[in-house]
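Student: Can we go through this model together, question by question? I'd like to work from the contacts up.

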Amino acid sequence: MKFLDLTNKKAIITGAAQGLSLGMAEGLMEAGAEVCILDINPKVIEVAEEFNRRGFKCHGVIADIAKEAEREKAFADAVSKLENHLDIIVNSAGVQRRHKSEEFPLSDWNFVIDVNLTAVFVLSQLAAKQFMKQNSKGKIINIASMLSFFGGYTVPAYAASKGGIAQLTKAFCNEWAGKGINVNALAPGYMDTEMNEALTDPSNPRYSEITSRIPANRWGTPNDMKGPVVFLASDASDYLNGAIIPVDGGYLVK
């Protein structure tokens, strides 16, 4: 479908050395986009090289977006690799820390908020300024969570960061929609990725408990994020703004 064609589009996606972010990066490239993937993991360079061997256009940038000094440089490096043009940014990098709420260390709180929320705020600002400088429309896609709706358990920092992503998405939409910038978020449900290894162990009672609540009767995979991210990155979503879209196999509605 023409609406979903991303040929000649330039995209940045964070956290794409593995997991859901890697799947979404692949989806954008399969739709025709040239993509720069950012990650703290040096493996991101190898991942980009592998995509290039497969015939895609991909660049890798190593960056720790938890650090204020690295965010703007990483963004500038990525835009430079994309020939100084940007159409899409997917703020997908995320971290998790678990402790009882009464024992949650401030250092872990600050780390989770810095990566999951503050970096998204800063990179979205930079992307919006780039779109305005180009006098072009643009797509900002944030990654929310089921914990944008629920409180979770032993993850107060993660819950706060993902609740913040939902509200930040709406706030940016209010100011930037009139400038041709779409700001939306995807909220993945329970996904079979590295971050959830403890939960996906069949011996963990929570695994069967969660699975039984998912109408699709399975956990999601990185492939399940491809279609939604391509939709939000494409012209097909030009009148969709400020939305938080669950990609959860129906978990929220049961």
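Tutor: Sure, and one term comes before anything else: contact means heavy atoms within 4.5 Å. This is a predicted model, so local features need pLDDT of at least 70 and side-chain atom pairs count only at pLDDT 80 or more, while totals for chains, interfaces and linings use all residues. Residues are numbered from 1 along each chain as its sequence is written, and side-chain values use heavy atoms, with hydrogens and water left out.

Student: Which cysteine is in contact with Ile12, leaving aside neighbours within four places in sequence?

Tutor: The contacts of Ile12 include Leu38, Phe75, Ala78 and Val79. Among them are also Leu82, Leu86, Ile88, Ile89 and Val90. The cysteine in the list is Cys36.

Student: And which residues touch the most other members of the largest nonpolar core?

Tutor: A nonpolar core is a set of buried Ala, Val, Leu, Ile, Met, Phe, Trp, Tyr and Cys residues joined through side-chain atoms within 4.5 Å. Buried means under 20% relative accessible area, exposed over 50%, and partly exposed in between, with a 1.4 Å probe and protein chains only. This core has 45 residues, and the ones touching the most other members are Ile12 and Phe75.

Student: Which element gives the largest share of this core?

Tutor: Helices (H or I, at least four residues) and strands (E, at least two) are DSSP runs, numbered from the N terminus. Those giving two or more residues to this core are β2 (34-39), α3 (68-81), α4 (106-134), α5 and β6. The largest share, 8 residues, comes from α4.

Student: How many residues are in the other core?

Tutor: Another core lies apart from that one, and Val44, Val90, Met225 and Val247 are among its members. Its count of residues is 32.

Student: Back to the cysteine, then. Why is Cys58 in no disulfide with Cys36?

Tutor: A disulfide is a pair of cysteine sulfur atoms within 2.5 Å, and a search of the whole structure finds 0 of them. Cys36 is buried at a relative accessible area of 0%, and Cys58 is buried too, at 4%. The closest cysteine sulfur to that of Cys58 is in Cys36, too far for a bond at 7.3 Å.

Student: What about the rings: is the pair of Phe172 and Trp176 stacked or edge-to-face?

Tutor: Rings of Phe, Tyr and Trp (its six-membered ring) pair if their centres lie within 6.5 Å; planes under 30 degrees apart count as stacked, over 60 as edge-to-face and the rest as tilted. The whole structure holds 7 aromatic pairs. With centres 4.2 Å apart and planes at 10°, the Phe172 and Trp176 pair is stacked.

Student: Which helix holds Phe172 and Trp176?

Tutor: Phe172 and Trp176 are both buried. They sit 4 residues apart, about one turn of the helix, and that helix is α5 (residues 156-176).

Student: How many residues apart are Tyr190 and Trp219?

Tutor: Tyr190 and Trp219 make an edge-to-face pair, 5.5 Å centre to centre with 65° between the planes. Tyr190 is in the loop between β6 (181-188) and α6 (197-200), and Trp219 is in the loop between α7 (205-213) and α8 (226-233). The pair thus links distant parts of the chain, with a separation of 29 residues.

Student: Which residue lies over the face of Tyr251?

Tutor: Ring pairs link Tyr251 into a cluster with Phe150, Tyr190, Tyr207 and Trp219. A charge sits over a ring if NZ of Lys or CZ of Arg is within 6 Å of the ring centre and within 35 degrees of the ring normal. At 4.1 Å from the ring centre of Tyr251, the residue over its face is Arg213.

Student: Last one: which side chain does Asn91 join through a polar contact?

Tutor: A polar contact is a pair of N or O atoms within 3.5 Å; within protein, one must be able to donate a hydrogen and the other to accept it, and residues adjacent in sequence count only if both atoms are side-chain atoms. Asn91 lies in strand β4 (residues 88-91) and counts as buried at 3% relative accessibility. At 2.9 Å, the side chain joined to that of Asn91 belongs to Asn142.
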